[in-house]
Amino acid sequence: MKPLTTSQLYRACKARDLNFKSTKSLQPLDEIVGQERAQEAIRFAMAMKDSGYNIYAVGRNGLGKRTMMLRYLNRHASEEAQTWDWCYVANFDEPRSPTILKLPAGVGMPFKKELEKLMLRVVKAIPQAFDNDSYYERSEKLKTEISDKQEEALERLAKHARSKKVSLTISTPGGYRLVALNGKEPHTAESFAALSEEQQAYFEETINKLEKKLRAVIRKLAAWEQEHSDRLQQLNEEVALGACSHLIEAVQEKYQGNENIVGYLVRLQKDILNNLDIFLEDSEEQAAFAYASLDKKMPRRYQVNVLVHQAGSNSPIVVEENPTYHNLFGYVENVTYKGTVFTDYTLIRPGALHRANGGYLLMDAIKVLEQPFVWDGLKRALRSRTISINSLERELTLSGTISLEPEAIPLSVKIILFGDRDTLLLLQHYDPEFKELFKVTADFESEMPRTFTTEQHYAKFISSLVADKGLLHCEQKAVARVIEYSSRQAEDQNKLSLHAADIANLLRESNYWAKQSNSTMIRQAHIEKALESERHRNSRIRDQLFETISNGTTLLDTRGEVIGQINALSVLSSGGFEFGMPNRVTANCFYGDGAVIDIERDVKLGGTIHSKGVMILSSYLAATFSAKAPLHLSASITFEQNYGEVDGDSASMAELCALLSTMAKVPIRQDFAMTGSVNQFGESQPVGGVNEKIEGFFETCKIHGFTGTQGIILPHTNIHNLMLNAEVLEAVEKGTFHIYAIRHVSEAIELLMGLPAGVADEEGNFPEDSLYGKIQGLLEELRAEEEGEEEEATSETHASPDDTPAAPAPKLPEGPREVMPPIEQRFRKQLKRLR
């Protein structure tokens, strides 16, 4: 077998093929790079106007889903979208239920300011209209008329009473008294008692008749009072109308094309005339309430609460970072005045749904699900297609506090949730309404194919990141190095990573090092410096582990040959930083029933995938060596010096080679390390993290010293995953380090043990000089001895009666002695032969 060449270990990006000198000459991308599938889903959802076509954008964190989505929406969101300003105004008929005012986009705030100016003028004009001689004269005339009329009626009654020798006097305001006269003076109690009974009866009868007439007159007086009040109210309305009607008509004329505003102004004028006392009385409480609510001193019932104001005609795009119940659906604030809590419609505050109405609302799915009552409220709003502002406190408690019930606002919005695939699957499984409300899934790719064309697109993607983050431009070689780094992140020579966060971080750090060196451009050296700096910051744990290899604490050999011992490779992760480490795997075999003891599994340090890998290699051994007869060898296998959980099957090929070595008593080269999975037919299967694994063993060889024969064995299907660092490539180029790719365990056996594995003939026999032939020969000897002992035991048990009787056994001396059972005798004999 020949080792892999450097061209197979790394796919370089040729700077001369990029057709530009720097990102300064590239046009930044406005579209989503490499996300054609997701882009098509978004385009479809935007075109569907029916309900339920909301979007769940699925993909792992860091792909830049939100950035790409915002860029796409900003470019493709309909400029002809029908957007509205939403306002709350007083409901003059039912104050607890404020009504909505639907206005064209951009009209809300100007109308609010216009109405504020109007009310400030009205507040001044009405008191001035009532504080002048004309009003006083007319008011006084009405007052005089009613007074004269009342006095005339009372005087007629008083004159009639005097003719009957009875006096009519006014005791208190509104109180009247009829008293009998003694000449010109009223009778006293003594003088009235001195009258005859006939005279007393006369006065009583007369007074009773006069009282009836007095009550009739009083009723007329009350009617005249009401008439006066009505005429005075009519006068007030006439005066107020004269003071404010032209002001209101001016505003009506300005907004005559908007029926909602005109209708509201008509109702407002009517309410002003019905509530003139608001303008004529200087209420300290009103002023204090306005101060407490951080508002202007003006009649609050005539203010306009602009809930949503759209600056332009484009569809609104809202990103809600903290989707709490109040932040999403809005809420009603309260004002405390003199220890009492007040509220009104001017204290209604909008939520993200209000601001995004008519456009798009972007949220993180996990954050939405974490907040109590938000998910149910969101589904309720999407089903009803309305936004209702409900008091969350009232829903959670039994409090009877009076609050507002604002009119619901019609809802037309596209919800875009960002989340991972696990969250998507959980929602689909546990929430039957999810599929009806989120019918479109935008599945974002983690990587894209690497071709000449896509490299050009990726360079523009890098240019767009540079422009968005305000970084220095990158030279041609720096862009090529970023593309290579992207392939390394994708773990594929033929792919480019779309993890925008990693690329953006690399560019930011490279920009820092470029500025530190007073460079006007990000160059390849700055990219390398940024990568090295990141490795150094995150490699403390890695360095400590390799220090244990250097000082001999961790036992590893990179020279010589050992039976049943092999260097396997694993990947460790520390805070998101991954690195490879070699591990010693050892195997022993002994007489038994053919079982392979996985020590890691038995002590509960092995994961399910690792246990599955051990079972698969056990199946391969059984199929290879015990197809016709039982396997009289058992084996144990373990990761030495491992004190944590082991999972994954990437060491199953190495474990199989260690078992074959110990069964055949053939040593394994320790200057090799191996990674790869194995199936039941002995074929190698690809594994992950091959770059980190190779670099980890390379570092180990570097610590122990290179011999020129050291190397790595990996599955042939992993070749396209190789993007090794420059140090390993240089060693391979010099011939001091070698990397081999295998397709079958037989190729690994030949590399590690210097023997062919062997191919069975038609009868299932392997060549004697092959590794499998040695194992087969040993197993046949064990089977033969087993069969011979069984026949001997059978013949002793079933002896013929014609046989010569056996001599009596010699008498053993008395005293204790050890008696070894026959099965233990056979075991020790077989164990001695194995040794």
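Select Gly 705 to begin: this residue of the predicted model comes just after helix H26 and takes a positive phi of about 100 degrees.

Step back into the helix itself by selecting residues 690-704, which make up H26. Place a distance between the C-alpha atoms at its two ends; they are 21 Å apart. The expected span for 15 residues at 1.5 Å a residue is also 21 Å, so the two values agree.

Now colour H26 by accessibility. Twelve of its 15 residues are buried, and the helix is mostly covered. The buried residues include Val 690, Asn 691, Glu 692, Lys 693 and Ile 694. Glu 695, Gly 696, Phe 697 and Phe 698 are also buried, as are Glu 699, Thr 700 and Cys 701.

Next, turn to the aromatic rings. The model holds 20 aromatic pairs. One of them is formed by Trp 375 and Phe 438, which are stacked, with 6.1 Å from centre to centre and 20 degrees between the planes. This pair links distant parts of the chain, 63 residues apart. Trp 375 belongs to helix H14 (residues 374-384), while Phe 438 lies in the loop between helix H17 (434-437) and strand S17 (440-443). Trp 375 has a relative accessibility of 11% and therefore counts as buried, the cut-off being under 20%. Phe 438 counts as buried because its relative accessibility is 4%.

Then select Phe 698 and Phe 737. Their rings form an edge-to-face pair, 5.2 Å centre to centre, with 85 degrees between the planes. Here too the pair links distant parts of the chain, 39 residues apart. The view returns to helix H26, where Phe 698 sits; Phe 737 is in the loop between helix H27 (726-734) and strand S30 (738-742). Phe 698, at 3% relative accessibility, counts as buried. Phe 737 is buried as well, with a relative accessible area of 1%.

For a group of rings, select Phe 92, Phe 111, Tyr 255, Tyr 264 and Tyr 302 together: these residues form one aromatic cluster.

The last two stops each show a lysine and a tryptophan ring. Select Trp 84 and Lys 102; the lysine lies over the face of Trp 84, at 4.3 Å from the ring centre. Finish at Trp 513, where the charged end of Lys 529 sits over the ring, 4.8 Å from its centre.

Technical notes. Residues are numbered from 1 along each chain as its sequence is written. This is a predicted model: local features need pLDDT of at least 70, side-chain atom pairs count only at pLDDT 80 or more; totals for chains, interfaces and linings use all residues. Side-chain values use heavy atoms; hydrogens and water are left out. Helices (H or I, at least four residues) and strands (E, at least two) are DSSP runs, numbered from the N terminus. The expected span of a helix is 1.5 Å times one less than its number of residues. Buried means under 20% relative accessible area, exposed over 50%, partly exposed in between (1.4 Å probe, protein chains only). Rings of Phe, Tyr and Trp (its six-membered ring) pair if their centres lie within 6.5 Å; planes under 30 degrees apart count as stacked, over 60 as edge-to-face and the rest as tilted. A charge sits over a ring if NZ of Lys or CZ of Arg is within 6 Å of the ring centre and within 35 degrees of the ring normal.
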